[in-house]
Amino acid sequence: MTMPAPESPDVLIIGGGLIGLATAWRTALRGLSVTLCDAAPGRQASFAAAGMLTPVTELHYGEEMLLGLNLASARRYPGFVEELREAAGGADPGYRESGTLAVAFDNDDREMLADLHAFQRSLGLEAEWLSGGEARKLEPMLAPSVRGGLLVASDHQVDNRMLLAALFTAIERDPRVRIMRANVAELTVANDRATGVVLDDGTAIAAGQIVLAAGCWSGLLRGVPADVLPPVRPVKGQILRLTVPSVYKPFLTHTVRGVVRSNHAYLVPRAHGELVLGATTEEQDYDTAVTAGGVYELLRDARALVPGITELPLVETRAALRPGTPDNAPIIGPTALPGLLAATGHYRHGVLLTPATAEAMSEILATGEVPEPVKPFSPQRFGK
């Protein structure tokens, strides 16, 4: 049976991950009514993520333009979470300024880390080179074999699950935002303009503007012209969560990112005693199975860096899908179809870019003006 159509909002957001939820919250603060549609908001990649805010230690060659946006979003985080805390009635978004330590397992890995350090310095980024002994002074649980490290005090972390919970609370307290727990089946278009959506159950909703923020599923929405669909693909990541018993605390005080025989691993300690290990990078289409091989590789590399993890209880294994793009950069702003905007394709940086993306999208939705920092990431940069 078809449900009666709800009142037409100013903005309808397709997708309830961190990007969609934060955009809904910030857009409502601009005075617009917002409806967000997602059958299971906050349960996909945003829920599985490790929450690293590491624009400097996660720097990649060829991504210098993206670095600027990453750094800008990292600078926004303290103010963003304080505003969110107030809007959520004091709920803690889980932000920690604990710094990040990148370490090398052997001499070859040390050379890779030294190359990264030289690249960072060429861009004016601050990172302190440490010997293996200096790294172990900071983190005594590191393996004796660690050959060197980079300390980046400005690379922080946020507990993504606490951040999601705070956003849900802030939205629930704002009467201008409505969450519909249903998936969007199709975009409706009239007179060459996006005019609304149809849900899985047949409910039609008209809206002034539509935001496509469905992660790696953003390129599958029916009704979107083929030359407008964002070119996103799923990139599978397996991730583990362990518990640190009180007898072992403090286990780690920094986020530890390691290079282990040319493989990359990370360990993210939470204030409440959780330790997050991740993550694989697999081009496996839409498969989300946790595999024995994936778990083994994560534990093997993490154990090489921090042998003591073998004593910790393993409490969760999970796989989720990151939204990748052809240039590994996000897709933010108006599409070539009037009325349809996109906020997707954030790949490895969805948590980090949440404040910058939400601020930019709320500005575009409220004023029609695209902020300068996100102009290079236009959905229209890929052409037809």
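Select first the elements that cover the buried residues of helix α7 (residues 292-305): among them are β5 (100-104), β14 (233-243), β15 (255-260), β16 (263-269), β17 (274-278) and β18 (314-324). Helices (H or I, at least four residues) and strands (E, at least two) are DSSP runs, numbered from the N terminus. The model is a predicted one, in which local features need pLDDT of at least 70 and side-chain atom pairs count only at pLDDT 80 or more, while totals for chains, interfaces and linings use all residues. Residues are numbered from 1 along each chain as its sequence is written, and side-chain values use heavy atoms, with hydrogens and water left out.

**Helix α7**

Within α7, highlight G294, V295, L298, D301, A302, A304 and L305, which are buried. Buried means under 20% relative accessible area, exposed over 50%, and partly exposed in between (1.4 Å probe, protein chains only). Next, display the end C-alpha atoms of α7: they are 20 Å apart, which agrees with the 20 Å that its 14 residues should span at 1.5 Å a residue. The expected span of a helix is 1.5 Å times one less than its number of residues.

**R257 in strand β15**

From the covering strands, proceed to R257, which lies in β15. Is R257 buried or exposed? R257 counts as buried, because its relative accessibility is 13%. Contact means heavy atoms within 4.5 Å. Apart from neighbours within four places in sequence, the residues in contact with R257 are M52, T54, T57, E58, T100, L101, A102, V103, A265 and Y266.

**S246 and L125, two loop positions**

Select S246 in the loop between β14 and β15. S246 counts as exposed, because its relative accessibility is 63%. A line drawn from the C-alpha of S246 to that of D115 covers 38 Å, and the two residues are 131 apart in sequence.

Then move to L125, in the loop between α4 (107-122) and β6 (128-131). L125 has a relative accessible area of 12% and is therefore buried. Leaving aside neighbours within four places in sequence, show V56, L59, L67, L71 and Q120, with which L125 is in contact. The C-alpha atoms of L125 and L142 are separated by 25 Å, with these positions 17 residues apart along the chain.

**Helices α3 and α6**

Display α3 (residues 64-87) together with α6 (residues 160-172); their axes come within 8 Å and cross at roughly 50°. That angle makes α3 oblique to α6. Axes are lines fitted to C-alpha atoms, for helices over the stretch in contact, and angles run from 0 to 180 degrees between N-to-C directions. Angles under 35 degrees count as roughly parallel, over 145 as roughly antiparallel, 65 to 115 as roughly perpendicular and the rest as oblique.

The crossing of α3 and α6 is left-handed. A crossing is left-handed if the near helix is turned anticlockwise from the far one by less than a right angle, and right-handed if clockwise. Show side chains for Y77, F80, L84 and A87 in α3, which meet L163, A166, L167 and A170 in α6. The residues of this contact comprise 8 nonpolar, no polar and no charged. Here Ala, Val, Leu, Ile, Met, Phe, Trp, Tyr, Cys and Pro count as nonpolar, Asp, Glu, Lys and Arg as charged, and the others, Gly among them, as polar.

**Helix α1 against α6**

Keep α6 on display and add α1, which packs against α6 at an angle of about 35°, with the axes 10 Å apart. The crossing of these two helices is left-handed. On the α1 side, select L18, L21, A22, A24 and W25; on the α6 side, N160, L163, L164, L167, F168, A170 and I171 complete the contact. These residues divide into 11 nonpolar, 1 polar and no charged.

**Helix α1 against α8**

Now bring in α8 (residues 354-367), which packs with α1 (residues 18-29) at an angle of about 45°, the axes being 8 Å apart. α1 is therefore oblique to α8, and the crossing is right-handed. L18, I19, A22, T23, R26 and T27 in α1 meet T354, T357, A358, E359, M361, S362 and L365 in α8. This contact holds 6 nonpolar, 5 polar and 2 charged residues.

**The surroundings of α8**

How many of the 14 residues of α8 are buried? The count is 10, and the helix is mostly covered. The elements covering the buried residues of α8 include β1 (11-14), α1, α3, β13 (209-212), β19 (331-334) and β20 (340-344). End the tour at G368, just after α8, where phi is positive at about 85°.
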